[in-house]
Amino acid sequence: MNAGKTTTLLQFSHNYAERGMKTLLLKPHIDDREGGKQIRSRIGLEAEAVNFSRNEDLFQGVQGHHDSENLHCVLIDEAQFLSRMQVTQLGDIVDQLGIPVLCY
């Protein structure tokens, strides 16, 4: 806690956007502290995210976004809530789709 992980995630997303690159921010549905689809740091930075459930296939979800938006990076907040299967799916995103995945 209080290590600045969410701030770092939001900085990465901003850096990609500055270069005209598209990121996808994901956060677990169970994390409802910001009222749903917001990722917010303690210092006030925030961005909209896509919520996912513990049983959701992240590979299919990311692939759908990638097909419509040509993603350059996937950023996951509160990664401790990922299931083992979802961790494997994130590896598949890197290996099969060639999209970097950063988990916080």
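Let's start at L82 in this predicted model. Setting aside neighbours within four places in sequence, L82 is in contact with F52, R54, L58, I76, V87, L90 and C103.

From there we can step out to the nonpolar core. The largest one has 15 residues, and L82 is among those with the most contacts inside it, along with L26, V62, V74, I76, L90 and I93. Two of these names, I76 and L90, you have just met as contacts of L82.

Which elements give two or more residues to this core? They are strands β1 (23–28) and β5 (73–76), together with helices α2 (58–69) and α3 (84–97). Of the contributors, α2 gives the most, with three residues.

There is also a second core, separate from the one above; this one has nine residues, including L9, L10, Y16 and L75.

Now for the aromatic rings. A pair of such rings is described by the distance of the centres and the angle of the planes. The structure holds one aromatic pair, formed by F12 and Y104. Their centres are 6.4 Å apart with 45° between the planes, which makes the pair tilted.

What does the pair tie together? F12 lies in helix α1 (residues 5–18), whereas Y104 sits in the segment after β6 (101–103), so the pair ties together parts that are 92 residues apart in sequence.

Are the two partners buried or exposed? F12 has a relative accessible area of 34%, so F12 is partly exposed. Y104 is buried, because its relative accessible area is 18% and the cut-off for buried is under 20%.

How values were computed. Residues are numbered from 1 along each chain as its sequence is written. This is a predicted model: local features need pLDDT of at least 70, side-chain atom pairs count only at pLDDT 80 or more; totals for chains, interfaces and linings use all residues. Side-chain values use heavy atoms; hydrogens and water are left out. A nonpolar core is a set of buried Ala, Val, Leu, Ile, Met, Phe, Trp, Tyr and Cys residues joined through side-chain atoms within 4.5 Å. Buried means under 20% relative accessible area, exposed over 50%, partly exposed in between (1.4 Å probe, protein chains only). Helices (H or I, at least four residues) and strands (E, at least two) are DSSP runs, numbered from the N terminus. Contact means heavy atoms within 4.5 Å. Rings of Phe, Tyr and Trp (its six-membered ring) pair if their centres lie within 6.5 Å; planes under 30 degrees apart count as stacked, over 60 as edge-to-face and the rest as tilted.
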